[in-house]
Structure formats: C-alpha cells, structure tokens
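Me: I've got a structure open and I'm not sure how to read it. Could you walk me through some of its features?

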Amino acid sequence: MAKKNPNTIGVKVLEQNGIDVKEIIKQLVYNASVEFTAYYYFTNLRMHCTGMEGEGIKGVVEDARLEDLSHFESCLSRIYELGGSLPNDAQDFIKMSGCEFLQLPQKKTGIKAILEKCLKAEQGAIMNWYKMCKMTFNKDFATYDIAKDILREEIEHEAWFLELLYGRPSGHMRRKFPGERPHTHRHSRALG
Ligand SMILES: [Fe+2]
Ligand SMILES: [Fe+2]
C-alpha cells in the first residue's frame, strides 16, 4: 500500500528553505476562488453589454473573462503539487472570493456601471497576484512563474478598462482570438 505521507521533495525543498508552504497554498486557493467567481460574473456582465454601445465592449469583457478561466486553471496543479486542495463544497469556494460586488448593476445593462465593476475586479486581481509574487519571488520558483504571468495579464486587463472608461491610452490591440491568453496559456493547457 502507498505510504500515507509520501516523501514530496518539491515541498520539502521549500520547507527546508524556511518557506511557509501552508500560507502559499492558502493564498493560491483564495486567488483561484476569485478567478473562478469572476469568470462566472464576467459571463453575466458580458451578456448585459447590449445595444450599439455594448457590442464593442462585449469583446473586451469576453477576452478578460476567458483569461480569468485560464487563471483559475493555472492555479490547479500547483495547489495539489504543494499538498493543498480545493474546498469540497463549491459554495464555500465561491463565498471565500468576496466577489459579490460583481453582480449586475441596478440598471442591468448600464454599460458604464458594468465597466466600473470590471475595472474594480481587475484591480483586485492585480493586488492578489502581486501579493502572490512577493510571497514567492526568489523562494518558490514554480509558483512565482505562474503568479507573474497571471499578474501580467491582469495589468493588461486593467489598462483595457481604464481606456474604455477614461480614454487613457493602453496600447491595446484585441487578442488574436478569444481565449488567446498570451502569458498564461502554458499554465492552462487543459483549455486547449
Ligand atoms: Fe484573472
Ligand atoms: Fe483579469
């Protein structure tokens, strides 16, 4: 029979170097919950970008939405490699994200309010991944590799929504295809 606690060198090297692996797992699961829940809410927000004004915005929300799914996927194998796991109850997972603010605005198709919510989500994600980068930089190279690629995409997403809301140029060109995820595709290969 397999040993209950097999020797996991990938975790031991971190512990031997004074890294709090439990803290990294905790932050990674939390960040994954935010990405997963944001993916859901962005789906609903995108659907409510209606009319002539909404049509152009829909595509930008879609690019950000599909990359959030990629960010969720990018966390998964690393959580388990580190010895962590996802909550068994999906409701616990969604609740821990604290993403209720992403529910539809009062006027469900209010484009400006939708964009403001998207921007707030991206800015929250930047803080989450910046924190993850700081926790792992020069310490846990494998987690850092994922975190810095996700952070790169979140910064792009923030710039897109800033441009749409305030006309601040972002250098933005649309993704070549929805789900391109230029920085995280190699961490979320399950998505094709
Ligand atoms: Fe994201
Ligand atoms: Fe994002």
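Reply: Let's start with how helices get their names: they are DSSP runs (H or I) of at least four residues, numbered from the N terminus. With that in hand, lysine 131 can be placed in helix α5. Keep in mind that this is a predicted model.

Me: Is lysine 131 buried or exposed, or something in between?

Reply: Partly exposed, because 15 other C-beta atoms lie within 10 Å of lysine 131, and the in-between class sits above 12 and below 20. You can also look at what lies across from it in space: the C-alpha atoms of lysine 131 and alanine 147 are 9.1 Å apart, with their positions 16 residues apart along the chain.

Me: Which class does glutamine 123 fall into?

Reply: Glutamine 123 also belongs to helix α5. It is partly exposed, with 16 other C-beta atoms within 10 Å. Going from C-alpha to C-alpha, glutamine 123 is 6.4 Å from glutamate 158, though the two are 35 residues apart in sequence.

Me: How do I describe two helices that pack together?

Reply: Two packed helices are described by the angle between their axes and the distance between the axes. Here, try α3 (residues 51–81) with α6 (residues 141–166): the angle is about 165° and the axes are 11 Å apart.

Me: What does that angle say about how α3 and α6 run?

Reply: Angles over 145 degrees count as roughly antiparallel, so that is how α3 and α6 stand to each other. Their crossing is left-handed.

Me: Which residues of α3 and α6 meet?

Reply: On the α3 side they are Ile57, Val60, Ala64, Glu67, His71, Ser74 and Arg78. Facing them from α6 are Ala142, Thr143, Ile146, Ile150, Glu153, His157, Trp160 and Leu164. Sorted by class, this contact has 8 nonpolar, 4 polar and 3 charged residues.

Me: And what angle do α2 and α4 make?

Reply: Roughly 95°, with the axes of α2 and helix α4 (residues 90–97) coming within 8 Å. That makes α2 roughly perpendicular to α4. From α2, the contact uses Tyr30, Ser33, Val34, Phe36 and Thr37, and from α4 it uses Phe93, Ile94, Met96 and Ser97. By class there are 6 nonpolar and 3 polar residues here, and no charged ones.

Me: What should I know about nonpolar cores?

Reply: In soluble globular proteins, nonpolar side chains tend to be buried together. In this model, the largest nonpolar core has 37 residues, and the members touching the most others are Ala38, Phe42, Leu45, Val61 and Cys118. Helices α2 (21–47), α3, α5 (111–136) and α6 each give at least two residues to this core. The largest share, 11 residues, comes from α2.

Me: What does alanine 38 touch, beyond its neighbours within four places in sequence?

Reply: Alanine 38 is in contact with Asp68, Cys99, Leu102 and Ala121.

Me: One last thing: how do I read phi?

Reply: Most residues other than glycine have a negative phi. Asparagine 138 has a positive phi of about 65°, although it is not a glycine. You'll find asparagine 138 in the loop between α5 and α6. It is exposed, with 6 other C-beta atoms within 10 Å.

Me: Where does arginine 181 lie, and what is its phi like?

Reply: Arginine 181 is in the segment after α6, and its phi is positive too, near 40°. Arginine 181 is buried, with 24 other C-beta atoms within 10 Å.

Definitions and conventions:
Residues numbered from 1 in each chain as written. Chains lettered and ligands numbered in written order. Predicted model: local features only at pLDDT ≥ 70, side-chain atom pairs only at ≥ 80, totals over all residues. Axes fitted to C-alpha atoms, helices over the stretch in contact; angles between N-to-C directions. Parallel < 35°, antiparallel > 145°, perpendicular 65-115°, else oblique. Left-handed = near helix turned anticlockwise from the far one by under 90°. Contact = placed C-beta atoms within 7 Å. Nonpolar A, V, L, I, M, F, W, Y, C, P; charged D, E, K, R; others polar. Core = buried A, V, L, I, M, F, W, Y, C linked by C-beta atoms within 7 Å.
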